[in-house]
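Welcome! Here is a short guided tour of the structure shown below. Take a moment to look it over before reading on.

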Amino acid sequence: MEIHKTSWPMRIIVFLLFVYLLAPVLLVFPLSFSGDQVLRFPPSFWSTRWYSALFANSQMLKAFWTSLSLAAVVTVLSIVIAVPAAWVMTRLRFAGRDLLFNIFTAPLLLPTIVLGLAILIVFASFGLLATMQGLVFAHLVVTLPYALRVLAVSLSTQDRACEEAARTLGAKPLTVFFRVTVPMLAPGIVAAAALCFLVSFDEVVITLFLTGPRISTLPVELYNYVYNQADPLVAAASALLILLTLGVIMIVERAMGLGKAFVK
Amino acid sequence: MSAVPALPRPARQWRDGELAVLLLLPIALINAIGFILPVLNLARYSFNKSRIGGGMEAVFTWENWAGLLSDPFYLELVFNSVWISLAITLTTLVVSYPIALYLHRASGSWRTFLTVLVISPLLTSAVVRTYGWIAILTDDGPVVSAIKAVGLPAPSLMFNIKGVFIGLTEILMPYMILALMAGFGRLDPRVEEAARTLGATPARTFTKVILPLTLPGIALGCLLCFVLAVSSFITPKLMGGGRVFLLATEIYDQAIVTLNWPLASTLSILVLIVFGAALWAYSAVLRRLD
């Protein structure tokens with residue numbers, strides 16, 4: 001391995017590229033404490049006025065609660081629907097199984113701008129635009145493939161000896177599923193849930209097509225805000241969002257290791 | 001059917017099938033109603049006739065397609081989108097490769113830490129990251145101030161394609177790095193070591209050993225980033241300030257502002273055709289590599 005001692009020029013290049021990669025995420029923290037009226041860096045003085053402004057912005061707060069409840073409902077539904085589906089995909093043998101799996105994960109291949117428009121047109125005739133049900137349904141279309149993939153990987157790498165032992169000892173299939181398979185699947189469920197939560201909470205393109213003045217999510221409100229004006233308010237919101245994301249990542253890291261969950 | 005007593009084996013298989021159908025029903029319904037039906041409907045809409053002001057007629061006409069292919073504005077739009085996406089993809093590759101190679105060689109908790117750093121931006125909303133870039137590249141931002149401080153003329157980096165280019169490249173980096181790392185599995189350190197001990201210079205080792213072995217990862221990363229660049233919407237919309245016209249922003253404008261759903265559908269199908277072409281190019285490259 002000695003030959004792989006990275007040379008100093010290479011280390012400096014890698015360091016600079018990391019700075020480039022992380023710059024926009026890191027910058028919002030100091031910027032959120034700006035005292036300026038406009039977007040200026042470095043700020044001429046520091047204050048917490050933009051945090052106060054954020055918490056006084058009823059539209060943002062309402063959008064935050066919408067996003068939070070939407071992501072929570074979508075996460076629970078995704079797990080409830082994807083766990084049995086992943087179980088069928090990994091434990092039962094039937095014709096066309098691989099084809100079905102590909103169809104179920106196909107929404108991930110479609111650009112969100114196309115999927116958003118496609119769902120908009122169909123939902124318009126169902127009367128689902130700007131409704132909570134419509135948003136839940138549309139988010140499920142994108143979160144279910146993630147959940148299915150993560151859970152199927154977890155289930156297929158699971159040791160089946162315990163399941164078989166339980167079965168030979170006379171446990172009914174449902175008992176085996178709830179007492180053996182699901183508990184062993186817990187880390188996969190946590191990872192899938194975290195991923196679904198983040199995907200739903202951050203989803204903006206599809207949601208942009210389906211929201212209106214009646215109902216809106218936080219990313220959509222932030223998008224509209226940035227589109228109309230640029231001041232440090234969004235920096236305060238971004239800083240809080242990044243902390244929330246870090247919290248969720250930490251849960252996943254504890255549960256199964258980030259590498260395993262995402263680098264598949 | 002299930003009430004009829006049958007031979008044990010077929011009966012057992014039938015129950016499995018029944019169970020499979022029952023358990024897959026929810027996901028299948030959501031997939032059918034939220035994905036397959038909307039996409040087929042979208043393809044159908046691209047042949048509808050639009051009326052000025054938002055209405056449309058359900059007929060079958062090639063009008064949208066013919067109009068699209070004969071309008072210089074749209075031809076330029078498609079050409080620009082593809083060309084800019086290709087340029088962004090190549091830039092992303094160049095800035096991601098050193099990080100991926102470094103990560104591939106790192107080990108232990110250092111590697112885990114850096115991998116988390118690479119993945120974290122991926123889990124941060126595109127709106128937040130685009131906003132970060134607006135703050136960096138704005139006229140009062142650190143980059144322009146630094147350039148002014150050195151005494152150079154202040155460049156305009158916002159509300160034009162330059163800003164979109166810089167921002168989008170960074171936003172796509174994590175995808176490229178992860179794809180490259182997945183492809184680096186073939187890169188055995190002993191092969192490199194052999195090249196070096198046999199007297200190859202670092203540059204020669206790179207072009208003759210490392211690069212060829214990592215080409216599959218490069219191809220995958222480029223496919224992924226190109227596809228994401230062509231369909232990117234948030235960054236061009238927010239950083240372009242209405243002056244950068246790309247396929248994805250035009251789809252949104254036609255759908256929401258102009259309310260011309262048939263034309264928006266036609267543009268969407270066009271994006272899918274570009275995707276198909278990218279996929280075809282990718283498999284052609286892979287075939288040549290084998």
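Which helices do the buried residues of α11(B) pack against? Please keep in mind that this is a predicted model.

## Helix α11 of chain B

The buried residues of α11(B) pack against helices from both chains: α5 (112-126) from chain A, along with α3 (72-105), α9 (202-230), α10 (234-240) and α12 (261-289) from chain B. Helix α11 of chain B runs over residues 247-257, and because eight of its eleven residues are buried, the rest of the structure largely encloses it.

Would you like to find the buried residues yourself? Look for B:Leu247, B:Ala248, B:Thr249, B:Glu250, B:Ile251 and B:Tyr252, and then for B:Gln254 and B:Ala255. After α11(B) comes B:Leu259, a residue with a positive phi near 55°.

## Where the two chains meet

The contact between the chains draws 69 residues from chain A and 66 residues from chain B. On the chain A side, helix α1 (residues 8-32) of chain A supplies the largest share, with 14 residues. Sorted by class, the residues of chain A that touch chain B are 62 nonpolar, five polar and two charged.

## Two domains in chain B

The domain assignment splits chain B into domain 1 (8-57) and domain 2 (71-289). Taken over C-alpha atoms, the centres of domain 1 of chain B and domain 2 of chain B are 33 Å apart.

How many residues of each domain are in contact with the other? Nine residues of domain 1 of chain B are in contact with nine residues of domain 2 of chain B. On the domain 1 side, α1 (8-45) and β1 (49-50) of chain B are the elements that give two or more residues. Of the elements there, α1(B) gives the most, with three residues. By class, this side of domain 1 of chain B has four nonpolar, four polar and one charged residues.

## What the record says

In an unreviewed UniProt entry, the annotation "domain: ABC transmembrane type-1" covers residues 64-252 of chain A. In the model, that span is 81% helix and 0% strand, and its end C-alpha atoms lie 22 Å apart.

For chain B, the UniProt annotation "domain: ABC transmembrane type-1", also from an unreviewed entry, covers residues 78-282. Residues 78-282 of chain B are 79% helix and 0% strand, with 20 Å between the end C-alpha atoms.

Methods: Residues numbered from 1 in each chain as written. Chains lettered and ligands numbered in written order. Predicted model: local features only at pLDDT ≥ 70, side-chain atom pairs only at ≥ 80, totals over all residues. Contact = placed C-beta atoms within 7 Å. Helix = DSSP H or I, 4+ residues; strand = E, 2+ residues; numbered from the N terminus. Nonpolar A, V, L, I, M, F, W, Y, C, P; charged D, E, K, R; others polar. UniProt positions renumbered as here; feature names shortened; annotations may be inferred. Buried ≥ 20, exposed ≤ 12 C-beta atoms within 10 Å, placed from the backbone. Domains from an automatic or database assignment.
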